[in-house]
Amino acid sequence: MKTAVGFINLHDNPELGKLTERRPLGAVSFLGRYGIVDFALSNFANSDIQKIEILVQKHLDSIRSHIINNNVWISNTRTGFLRAAINEEGLMDPENNTDIANILQNVPSDVINEDYVVVASPQFVTKIDYRDVMRVHGEVGAGITVIYSHIKTPKEYPNCSRLVIDADGTVRKFIRPQKGEDEVNVCLESYVFSKEVFNRLLRFSREISNTSTSIKKMVELSANNRMTKVYAYRHKEAVFPILSLNQYVSQSFKFLNNNVRKTLFSTDWPIYTTSHNTPPVYYGPFAEVDNSFIANGAVIKGKVRNSIICRDVYIDAGAEVNNCILFTKTEIGKDVNLRYVITDKNVSIHEVKNLMGDELDYLLISKGAKI
């Protein structure tokens, strides 16, 4: 059976305003108890990829703290490992702080003994069985396989590369978004490489640009210049792109719908996350909760509707929370009314009784704020 090493790529991920000022996209909370990176990690775990490197561009500590119990995603602890790697030299030279430079500094090519290298980016939340991708990759004799989705709503993917695909499935070229697009093949920035091709691309990147290029650019260069066979693998599962703060909000609330949840969560494809030793949710005698996610450790004494409540959140009696996302250890005081608000971790709201954003412009309160 063919083996693979996996890379979760946290370089050049979308920015979500203040939510990603001090953490990478992968560490942002999602649906109350997950980090966005958990979905890519779970895809690897469910695909029997047991050696995983997380390539971190900045804010390493938030990722390290999230994966401190890495056995969640690694079932074979004798031969598998999960590690977060950062290019420390690149922190002083942001222009050259690339995913390729990170690999060259932290992962010597001679330690990659697996047959394939798999790369995934967390901003496309979906479930991918890489075992099937690797099977097809081997059958067609590809050097690189690009995973794409056929999209009828291209406006949801405004800056993502499009694929032009020949009849035999070969990627003819990558193109930028075009005006008047109808249906497009969107690259999900997830790739399978044969080991030899991957190592050759790393060497070539040093020779042409002093490591200032990226995996994405090298894949596009390979396809556009016929450097190796680049094959297109169509991914048919639902994809939830998180490319902006507004999209993060809209995708989060989609999952309050049970039919949407079923497209991502199933008994045969578990989504793993780090566990916390916290008690079950406490509901006070006058608590009212409707159509919401409530994570363990929360204390609910007021009213919560159409909201996502993370771990250890406290909502006092008389408070009303509507269409909000409250991160860990948020405290909502007595009789406080929130609508269309996102609170980062450790926010306390007691003195101001009414805070309201807009459905298309959520009010985002910074980590640790006291209001």
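In strand β10, the residue that serves as bridge partner to Leu163 is Phe174, and this contact belongs to an antiparallel pairing in which strand β9 (residues 162-165) and strand β10 (residues 171-175) are held together over 4 bridges. The two strands form a hairpin with 5 residues between them, and within the turn Gly169 takes a positive phi of about 90°. The model is a predicted one, and the description that follows should be read with that in mind.

A parallel pairing is found between strand β8 (residues 144-151) and strand β12, which are joined over 5 bridges. Within this pairing, Val146 has Ala232 of β12 as its bridge partner. Of the 5 residues of strand β12 (residues 230-234), 4 are buried, so the strand is largely enclosed by the rest of the structure.

Further along the chain, 5 strands make up an open sheet with parallel pairing, in the order β14-β17-β20-β23-β26. The edges of this sheet are taken by β14 (282-283) and β26 (348-349), and because each of them has a single partner strand, one side of each is left without a neighbour in the sheet. Elsewhere in that order, strand β20 (residues 314-315) and strand β23 (residues 331-332) run parallel and are joined by 2 bridges, with Ile315 standing opposite Ile332 in β23. As a general point, the strands of a sheet pair through backbone hydrogen bonds, in either the parallel or the antiparallel sense.

Among the helices, α1 is mostly covered, since 10 of its 10 residues are buried. The buried residues of α1 include nonidentical kinds of side chain, among them Val37, Asp38, Phe39, Ser42, Asn43 and Asn46. The helix is followed by Asp48, whose phi is positive, near 65°. With a relative accessibility of 44%, Asp48 counts as partly exposed, whereas the residues of α1 are buried.

Asp48 also leads into the charged contacts of the model, where the count comes to 13 salt bridges. In general, side chains of opposite charge can pair when their charged atoms come close. One of these pairs is formed by Arg131 and Asp48, with the closest N and O atoms 3.5 Å apart. This pair links distant parts of the chain, for Arg131 lies in helix α5 (residues 130-140) and Asp48 in the loop between α1 (37-46) and β4 (51-56), 83 residues apart. Arg131, at 38% relative accessibility, counts as partly exposed.

Helix α5 holds a second charged pair, in which the side chains of Glu139 and Arg135 meet in a salt bridge at 3.0 Å, N to O. Because Glu139 and Arg135 are 4 residues apart in helix α5, they are separated by about one helical turn. The two partners fall into separate accessibility classes: Glu139 counts as exposed at 58% relative accessibility, whereas Arg135 counts as partly exposed at 42%.

A further salt bridge brings together the side chains of Glu288 and Arg305, at 3.3 Å from N to O. Here too distant parts of the chain are linked, with Glu288 in strand β15 (residues 288-290) and Arg305 in strand β18 (residues 303-305), 17 residues apart. Both partners are partly exposed, Glu288 with a relative accessible area of 36% and Arg305 with one of 28%. Beyond such pairs, salt bridges that share partners join Asp48, Asp129 and Arg131 into one network.

Strand β18 is followed by a loop that leads to β19 (308-309), and this loop contains Asn306. Asn306 has a phi near 50°, a positive value in a residue other than glycine, and at 25% relative accessibility it counts as partly exposed. A comparable backbone feature appears at Lys329, which has a positive phi of about 60° although it is not a glycine. Lys329 is found in the loop between β22 (325-326) and β23, and with a relative accessibility of 48% it counts as partly exposed.

Lys329 also takes part in a positive surface patch, which is formed together with Lys18, Arg22, Lys345 and Lys367. Of these residues, Lys367 lies in the segment after β28 (363-365), and at 39% relative accessibility Lys367 counts as partly exposed.

Note on methods
Residues numbered from 1 in each chain as written. Predicted model: local features only at pLDDT ≥ 70, side-chain atom pairs only at ≥ 80, totals over all residues. Heavy atoms only, no water. Buried < 20%, exposed > 50% of the residue type's maximum accessible area, 1.4 Å probe, protein only. Pairing = 2+ DSSP bridges. Patch = residues over 30% accessible without salt bridge, like charges linked within 9 Å, V, L, I, M, F, W, Y side chains within 5 Å. Areas by Shrake-Rupley, 256 points an atom, 1.4 Å probe, with all protein chains shown as cover. Salt bridge = Lys/Arg side-chain N within 4 Å of Asp/Glu carboxyl O. Lys, Arg positive; Asp, Glu negative; His and termini not counted. Charge placed at Lys NZ, Arg CZ, Asp CG, Glu CD.
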